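Subject: Structure for you to look at

Hello,

I am passing on a structure that I would like you to open beside this message. Please keep it in view while you read, and turn it as each part comes up.

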Amino acid sequence: MSEKKETVWASLREICDETRTVADETGRKVKKTACFSTMKALLEGAFHLVEYFEKLHREGEVFRSNSADMFRFSLATGEMQKREPAKKEKEMGRTEDETAAADVLLAAGPVEINEFLAPELVECIKEGTTAEELPFTVETDRYFMAVFLFEYFFHTGSPFEGKKMVNRCFLSPLEKEVFRAEQGQFCMDLGENENTPVKGIQDKLIHYWEEYPDILKKMFQRAFMDGGTLCELRPTEVDWKQTLVRLMMDYQVCGCGFQGFSNRLRPKENGTLLCPVCGKTYYVLSDGMNRILLAEGVKLYACQTGRDAFDKDTVTAVVAENRQKKGLYGIKNVSKGVWRGLFPDGSTREIKEGQGIPIWNGMQVRFETGEEWSLRLMQKAAPEEERQDIESR
Ligand SMILES: [Zn+2]
């Protein structure tokens, strides 16, 4: 009988460091790795953070802080917690030192001078506005969120830290942040090389930046363009949710053990993609803007085929082999929604729960709502698929 596994919570700082310090049985401090167990958990965590701000703003509130230490994430699932009182902290396995340090930080007031402060807030502090009077807004929250997510995804420091800032000596945190607010350049700006990341110091950023698809990088480039002073460009909660859901849908976990975003799959001339490890074929279903990859065992979700663009959890379809025709695959509808699809015999049919549509070159399907999706192989089409409907049950 194994004991129920304890949830391990990590702060942004620990996630950035990819290590956390815990006390062992004897009270001695030891370092342990702090990495999300899966990409899904990491993306879920980011989604929870964005949802927190969305809820707050819907209620007409703002965060009124710039403390990243307020949030903790379960490394196994991405579940998020806002900071709890000291007693709960102890239950969560924090050492007293850690808890005390965090308490001091919080007691020091809502504001420390750090990279999470939007440029307009730094400007206010420079002009002498006190912490209590700082004009936090939905826009300053969006700045906070973008900086938080940047550090969270790339395990790094401020998005404005690059050779321009690293090589400079600042006499105080305020001086540093004023410089950033007035002259800061996003270190990952396209076509900019004045403030690029520094090898040996920002290796993690350089490494992780390569790992993610462009849709994520573009969000940060937009958020931090012109030093992040353009409030109206800062991604909203909905923008982030859309991006995170797209990343979740794009991430493939192949049966062979390979995991990665679809940009890691190998493109073939005919437009299909191959798993780089086992060579499994992924067919690309496209609506002109987005794509859904189809391969044996792949699940589709309500955000792809249903009415809720943010429902990334409800499975609505599975790609399965026809039980009677080995080697023939189809998309089986396991939702209550009714789809319409073009079948190999030229007929258009309704596809209800339990029914399916074969995957073939030329297929078209309209899910519960939205655009028409189609599959077109380039060049000479693959040998014509056998014209056989997927088993209807
Ligand atoms: Zn594979």
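What follows is a description of what was found, taken part by part.

Please keep in mind from the start that this is a predicted model. The protein has 393 residues, of which buried residues make up 33%, and its secondary structure comes to twelve helices and 19 strands. Among the contacts between residues at least 6 apart in sequence, 57% join residues that are at least 24 apart.

A good place to begin is a small group of strands and the helix beside it. Three strands form an open sheet in the order 1-4-5, and their pairing is antiparallel. Its edges are strand 1 (9–11) and strand 5 (80–82), each of which pairs on one side only, and the twist averages 35 degrees from one strand to the next. Strand 4 (residues 71–74) is joined to strand 5 over three bridges in the antiparallel sense, and within this pairing Phe-73 has Met-80 of strand 5 as its bridge partner. Helix 2 (residues 39–58) packs on the sheet, where it touches strand 4 and strand 5, and its direction makes about 40 degrees with that of strand 5.

Helix 2 deserves a longer look. Its 20 residues reach 28 Å from the first C-alpha to the last, close to the 28 Å expected at 1.5 Å a residue. Among its buried residues are Leu-42, Leu-43, Ala-46, Phe-47, Leu-49, Val-50 and Phe-53, and the buried residues of this helix pack against strand 4, strand 5, helix 6 (138–154) and helix 11 (237–250). If you select Val-50 and leave aside residues up to four places away in sequence, you will find that it touches Met-145, Glu-237, Trp-240, Lys-241 and Leu-244.

Helix 6, one of those packing partners, has 17 residues and reaches 24 Å between its first and last C-alpha, close to the 24 Å expected at 1.5 Å a residue. Because 15 of its 17 residues are buried, helix 6 is largely enclosed by the rest of the structure.

These two helices lead on to the nonpolar cores. In soluble globular proteins, nonpolar side chains tend to be buried together. The largest nonpolar core here has 50 residues, and those that touch the most other members are Ala-46, Val-50, Met-145, Ala-146, Phe-148 and Leu-149. The elements that give two or more residues to this core include strand 1, helix 1 (12–17), helix 2, helix 5 (119–126) and helix 11, while the largest share, eleven residues, comes from helix 6. There is also a second, separate core of 29 residues, which includes Leu-300, Tyr-329, Ile-351 and Met-363.

Tyr-329 brings us to strand 14 (residues 329–333), which is mostly covered, with five of its five residues buried. In a regular strand the side chains alternate between the two faces of the sheet. Here Tyr-329, Ile-331 and Asn-333 point one way, whereas Gly-330 and Lys-332 point the other way, and all are buried. Strand 14 pairs in the antiparallel sense with strand 13 (residues 315–321) over five bridges, with Glu-321 standing opposite Tyr-329. Strand 14 is also joined by three bridges to strand 17 (residues 356–358), again running antiparallel, and there Lys-332 stands opposite Gly-356.

Finally, some backbone angles are worth checking. Most residues other than glycine have a negative phi. Arg-64, in the loop between helix 2 and strand 4, has a positive phi of about 55 degrees although it is not a glycine. Asp-226 also has a positive phi of about 55 degrees without being a glycine, and its place is the loop between helix 10 (214–223) and helix 11. Is Asp-226 buried or exposed? Since a residue counts as exposed when 12 or fewer other C-beta atoms lie within 10 Å, Asp-226, with 12, is exposed, whereas Arg-64, with 15, is partly exposed. Positive phi values also occur just after two helices: Gly-60 follows helix 2 with a phi near 80 degrees, and His-155 comes just after helix 6 with a phi of about 50 degrees.

With best wishes

Key: Residues numbered from 1 in each chain as written. Predicted model: local features only at pLDDT ≥ 70, side-chain atom pairs only at ≥ 80, totals over all residues. Pairing = 2+ DSSP bridges. Helix = DSSP H or I, 4+ residues; strand = E, 2+ residues; numbered from the N terminus. Axes fitted to C-alpha atoms, helices over the stretch in contact; angles between N-to-C directions. Contact = placed C-beta atoms within 7 Å. Buried ≥ 20, exposed ≤ 12 C-beta atoms within 10 Å, placed from the backbone. Expected span 1.5 Å × (residues − 1). Core = buried A, V, L, I, M, F, W, Y, C linked by C-beta atoms within 7 Å.
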